Amino acid sequence: MEAFGGFFVDEKAARVENIFLEFLKRFKEADAAEPFYDIEMEAMRSRESTTMYVDFAHVMRFNDVLQKAISEEYLRFEPYLRNACKRFVMEQRAGENRAPIISDDSPNKDINIAFYNIPMLKRLRELGTAEIGKLTSVMGVVTRTSEVRPELLQGTFKCLDCGNVVKNVDQQFKYTEPIICVNATCQNRSRWALLRQDSKFTDWQRVRMQETSKEIPAGSLPRSLDVILRHEIVEKARAGDTVIFTGTVVAVPDVMALTSPGDRAECRREGPQRKNGSGVQEGVKGLKSLGVRDLSYRLAFVANSVQVADGRRDVDIRDRDIDGDGSERQKFTDEEEDEVVRMRNTPDFFNKIVDSICPTVFGHQEIKRALLLMLLGGVHKITHEGINLRGDINVCIVGDPSCAKSQFLKYTAGIVPRSVYTSGKSSSAAGLTATVAKEPETGEFCIEAGALMLADNGICCIDEFDKMDIKDQVAIHEAMEQQTISITKAGIQATLNARTSILAAANPTGGRYDKSKPLKYNVALPPAILSRFDLVYIMIDEPDENTDYHIAHHIVRVHQKKEEALSPAFSTAELKRYFAFAKSLKPQLSSEAKKVLVESYVALRRGDSTPGTRVAYRMTVRQLEAMIRLSEAIARSHLERIVLPAHVRLACKLLKTSIISVESSEIDLSDFQDTNVPADDPEQPGEPDDEPADAGKKKLVITEEHFQRVTQALVMKLRQHEESVKKDGDGLAGMKQGDLIIWYVEQQNAQGAYSSTDEVKEEVKCIKAIIERLIQREGHLIVIDEGSAVADDGAAVRRGSEHRILAVNPNYVID
């Protein structure tokens with residue numbers, strides 16, 4: 001450095017500035033006609049931006065010496081690089097008619113520089129003192145953001161003794177006044193007034209960044225780092241984002257360590273004998289040998305650019321939407337759109353996409369389909385009154401142990417950019433929603449984001465959902481339906497966004513799922529939470545030789561060949577691009593789809609109110625909204641902009657099969673089939689005994705739901721008949737079996753249950769078998785009279801079973 005007019009001139013920095021200015025003027029892409037940064041400046045002008053984004057890969061291609069100087073001594077050269085950008089803008093402005101970026105009335109306006117695409121991405125643990133002053137990139141998850149405050153960059157001070165003005169005093173991470181007045185006759189060192197109108201302020205924000213879960217070594221706690229954002233990049237990083245920060249590491253005084261009393265025993269000696277006149281304790285003398293071993297400095301990261309890492313190949317660093325969710329305004333390149341359309345036009349593409357989800361798990365197509373629809377989601381809507389209608393789909397998986405539930409959750413957490421994986425037993429209500437904590441440096445209360453806030457516009461995977469305490473489960477009621485979190489604590493009243501899908505996994509209460517009981521008796525979840533899940537899937541571990549063979553073959557193959565064993569139709573990267581493109585569509589309901597939706601909902605409600613049905617939970621308006629969301633997600637998966645009736649039918653089918661299929665375990669009635677010959681053929685009374693083998697060949701199996709419905713209807717009819725007989729005082733206490741069957745068939749026929757006489761015959765045969773089982777095994781019904789008739793010769797002849805008289809067992813209590 002040389003002395004020049006009382007100031008030092010950094011010759012190397014001046015050379016770097018000139019070379020960098022040359023780079024901005026001359027650098028062109030391979031096939032571009034005009035310089036790249038001329039186009040960049042037009043983009044700055046259109047957005048009224050004062051930040052110039054520089055791709056570091058361009059600097060590396062242009063001049064190796066320049067890239068080495070910038071990356072090794074960035075903190076030293078940063079003011080000169082900013083000055084080069086300002087000179088570049090000022091030169092381009094001259095002689096043009098367009099609106100200037102730097103106008104004549106604000107010549108002191110600075111152009112800020114932001115580098116991105118640094119080749120070496122550092123881990124948070126790798127940032128040490130060796131990196132101080134160098135240009136580095138670091139990736140982590142944002143856990144807390146402060147409010148945006150003004151920061152004094154360069155202060156203009158007025159001497160209160162002589163009135164002299166000292167300009168452009170750089171602030172060194174704290175409020176820095178001039179050392180001494182420049183007036184030779186004035187020796188003022190402490191009496192200064194800040195002239196705010198002549199000083200330079202900028203927006204400032206502190207962000208707390210934490211290591212990503214993949215980078216934490218085993219047995220270690222995640223480390224955090226404070227990141228300082230300035231100028232236009234404030235509010236670019238939100239809590240929960242995985243972000244790449246580019247900037248430099250600096251060492252700053254640890255104000256908290258300096259001000260907290262009594263923390264360091266080697267620096268302070270307590271005792272009444274060592275007090276000065278003012279009563280203040282003195283520090284220990286002769287601390288020069290201690291140096292800074294008391295750790296009164298700490299590392300911070302001053303960022304110049306923020307890049308959200310969302311898994312796509314080319315992320316535009318400038319187009320971050322500040323208020324809404326970023327998915328709405330994503331721009332897609334022509335190549336990406338062509339690739340998505342190519343995937344869509346693949347034959348049988350829907351099943352191929354379903355198979356490509358979590359390929360390490362064999363089978364479970366229904367659950368993979370549910371995960372696909374959850375990843376796509378429905379359309380968020382806002383009414384005229386400002387009420388939000390949820391678009392996210394919540395899925396609950398209930399299953400026996402070792403059914404790959406956690407595998408699904410881990411896969412989903414890995415494929416979505418903003419996702420959080422948590423376990424139910426180790427999660428508290430505050431950890432899931434949000435907590436109010438005291439800011440250590442300012443002492444103010446601030447809100448620290450919980451799992452649901454961190455997963456905003458993403459997915460929150462909660463394992464062991466049934467093991468959570470009731471008070472913690474209640475905390476997510478509001479987040480699951482209204483998608484907000486309300487906090488009223490420590491003087492803070494806030495409503496925070498939690499627009500997240502919830503994927504929960506739970507075990508049945510008894511360890512294994514009991515198919516003879518409905519879902520509410522199998523899962524220890526309250527109905528309020530259960531109704532908030534759009535789809536509830538049951539995974540049952542049943543022994544089946546064929547399935548077991550295929551599962552074992554698949555698992556052994558994966559262990560043997562690892563990646564080669566899996567051959568999904570689409571890779572994870574292709575799926576991510578497909579999901580991002582499909583989520584940008586907003587399908588509308590067609591009039592035909594509306595009609596089918598209403599009919600499907602009414603049919604579901606009718607089935608819910610039928611006596612004897614054992615549904616998992618009541619069909620409510622939430623299930624109607626779930627059908628709408630599922631229909632929109634299915635339309636998105638097909639890249640359709642209109643929801644068609646076929647999509648609604650598929651959504652209705654998914655809603656039905658998600659639960660009811662498991663509830664009805666099958667009941668074998670083959671042993672109770674009526675093999676007696678009809679009454680009009682009385683000459684062969686003993687023939688049934690001769691053909692049991694033929695009768696047993698035709699198997700009669702019905703669902704338990706059907707069995708329970710018929711049983712309840714028959715028992716209720718017999719009880720009503722008994723009561724009417726008691727009231728009237730005459731007639732038989734029981735009822736003929738034939739009359740009972742005719743009554744039931746007529747009731748069902750009135751509701752349009754049969755379409756042909758063959759169905760009626762099958763139903764009669766089925767009801768006879770059910771009555772036989774209720775008499776012989778269950779004991780719910782008893783036979784009062786066998787219905788035998790007296791022949792001419794006085795012998796009793798047994799007639800068909802439909803003539804016997806039945807009544808309800810007096811000990812049977814109706815549920």
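Helix α25 (residues 757-778) lies across strands β30 and β33, and it runs at about 95° to β30. This is a predicted model. The protein has 25 helices and 33 strands. Of its 815 residues, 44% count as buried.

**The sheet under helix α25**

- Strands β30 and β33, which α25 crosses, belong to an open sheet of 3 strands.
- The strand order is β29-β33-β30, and the pairing is antiparallel.
- β29 (735-736) and β30 (781-785) are the edge strands, and each pairs on one side only.
- β30 pairs with β33 (residues 805-808) in the antiparallel sense, over 4 bridges.
- Within this pair, L781 stands opposite V808 in β33.
- In general, the strands of a sheet pair through backbone hydrogen bonds, either parallel or antiparallel.

**Strand β3, an enclosed strand**

- Strand β3 covers residues 51-55, and 5 of its 5 residues are buried, so the rest of the structure largely encloses it.
- In a regular strand, side chains alternate between the two faces of the sheet.
- Both faces of β3 are covered.
- T51, Y53 and D55 are buried on one side, while M52 and V54 are buried on the other.
- β3 pairs with strand β4 (residues 112-116) in the parallel sense, over 5 bridges.
- M52 has I113 of β4 as its bridge partner.

**Nonpolar cores**

- The largest nonpolar core has 60 residues.
- The residues with the most contacts inside this core are I357, L372, V395, L503, L575, Y578 and F579.
- Helix α9 (residues 365-376) gives the most to this core, with 8 residues.
- Leaving aside residues up to four places away in sequence, F579 touches I357, L372, L375, L376 and I415.
- A second, separate core has 38 residues, including C396, I462, A494 and V536.

**Whole-protein figures**

- Which share of contacts between residues at least 6 apart in sequence joins residues at least 24 apart? The share is 72%.
- The protein exposes about 43,500 Å².
- Carbon and sulfur atoms supply 51% of that exposed area.

How values were computed
Residues are numbered from 1 along each chain as its sequence is written. This is a predicted model: local features need pLDDT of at least 70, side-chain atom pairs count only at pLDDT 80 or more; totals for chains, interfaces and linings use all residues. Side-chain values use heavy atoms; hydrogens and water are left out. A nonpolar core is a set of buried Ala, Val, Leu, Ile, Met, Phe, Trp, Tyr and Cys residues joined through side-chain atoms within 4.5 Å. Buried means under 20% relative accessible area, exposed over 50%, partly exposed in between (1.4 Å probe, protein chains only). Helices (H or I, at least four residues) and strands (E, at least two) are DSSP runs, numbered from the N terminus. Contact means heavy atoms within 4.5 Å. Two strands pair if DSSP finds at least two bridges between them. Axes are lines fitted to C-alpha atoms, for helices over the stretch in contact, and angles run from 0 to 180 degrees between N-to-C directions. Accessible areas come from the Shrake-Rupley method with a 1.4 Å probe; for residues, only the protein chains shown count as cover.
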